[in-house]
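Ready for a walk through a protein model? Keep the sequence and the 3D view side by side while you read.

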Amino acid sequence: MITVFGEGRGFRVVWLLEEMELPYRLRDVDLLGGVENDAEFLAINPAGFIPAIRDGDVTMVESVAIMEYILGRYGPTALAPAAHDVAFPAYQQFLHLGEAGLAASLYFVSGARHLAPESERNNWSARQAMNVFTTRLSLVTRQLERGPYMAGDAFTAADISVGYALEMARKNAGVVFGDTVQAYMTRLRARAGYQRALETCQATRRWWTS
């Protein structure tokens, strides 16, 4: 059974596992409480960040890399179009843009706005990171004007990657989305896999609904 260590971006992993109907367990990691005292987790990821997984002898970190591992190891699945599929280029692009272009930028915006001293909360780096997010969001909006999901007509793991980043933007950075993106987020939230993942990830549920 796959063990998922930590929520946060681990929600992506849990959501994927629910969509694929694979057995797993979620193991809480309390970063604020002192991860240096969590020997079991540090044995999995000595760098001390979440998420991580253990799957038999395999240990991995980085949410999108974990998703690709699960899709490859436990597929094939329609959640990951094959390389010859016409949807594959868009799928691949948005699977990675969900982290590299969207969530990674928001990490620095959120840190500045919520953790930095008052005088540093709108510093140059935070503004630059927000600009990166905004420009990449324009790619998401354009894609949704072409079809209902990131890879076209069908829901894929790329939507899990992007969907998490959008929820993060809404909650941590106060981003207000246009109608096209709002409708997309409503479609994602209506999925049974999303709802089951949110039921499992209670800390995420509290964070997003508070």
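We'll begin with the nonpolar core, then visit a helix and a few single residues.

Keep in mind that this is a predicted model. Its largest nonpolar core has 59 residues. If you want places to click, try Phe11, Leu16, Ile70, Phe133, Val140 and Phe177, which have the most contacts inside that core. The elements giving two or more residues to this core are β1 (2–5), α1 (10–20), α4 (63–74), α5 (88–115), α6 (124–144), α7, α8 (179–189) and α9 (192–200). Which of them gives the largest share? That's α7, with 9 residues. There's also a second, separate core, made of 6 residues, and Val29, Val35, Ile44 and Ala52 are among them.

Now zoom in on Phe133, one of the residues with the most contacts inside the largest core. Leaving aside residues up to four places away in sequence, Phe133 touches Gly101, Leu102, Ser105, Leu106, Ala169, Val175 and Phe177. Notice that Phe177 is on the list of residues with the most contacts in that core, too.

Next up is helix α1. How many of its 11 residues are buried? The count is 11 of 11, so to speak a full house. Run along the helix and you'll meet Gly10, Phe11, Arg12, Val13, Val14, Trp15, Leu16, Leu17, Glu18, Glu19 and Met20, each of them buried. Right after α1 comes Glu21, and its phi is positive, near 55°.

Let's hop over to α7, which spans residues 157–172 and holds Ser161. Is Ser161 buried or exposed? Its relative accessibility is 0%, so Ser161 counts as buried. Who are its contacts? Not counting residues up to four places away in sequence, Ser161 touches Arg12, Val64, Met67, Phe94, Leu95, Gly98 and Glu99. You've already met Arg12, one of the buried residues of α1.

Our last stop is Arg54, found in strand β3 (residues 52–55). Arg54 counts as partly exposed because its relative accessibility is 26%, and the cut-off for buried is under 20%. Setting aside residues up to four places away in sequence, Arg54 touches Met1, Ile2, Thr3, Phe5, Arg25, Glu40, Ile44 and Thr59. With Glu40 there's something extra to see: the two side chains make a polar contact (3.5 Å). Finally, look from Arg54 to Leu17: they're 37 residues apart along the chain, and their C-alpha atoms are separated by 14 Å.

Notes
Residues are numbered from 1 along each chain as its sequence is written. This is a predicted model: local features need pLDDT of at least 70, side-chain atom pairs count only at pLDDT 80 or more; totals for chains, interfaces and linings use all residues. Side-chain values use heavy atoms; hydrogens and water are left out. Helices (H or I, at least four residues) and strands (E, at least two) are DSSP runs, numbered from the N terminus. Buried means under 20% relative accessible area, exposed over 50%, partly exposed in between (1.4 Å probe, protein chains only). Contact means heavy atoms within 4.5 Å. A polar contact is a pair of N or O atoms within 3.5 Å; within protein, one must be able to donate a hydrogen and the other to accept it, and residues adjacent in sequence count only if both atoms are side-chain atoms. A nonpolar core is a set of buried Ala, Val, Leu, Ile, Met, Phe, Trp, Tyr and Cys residues joined through side-chain atoms within 4.5 Å.
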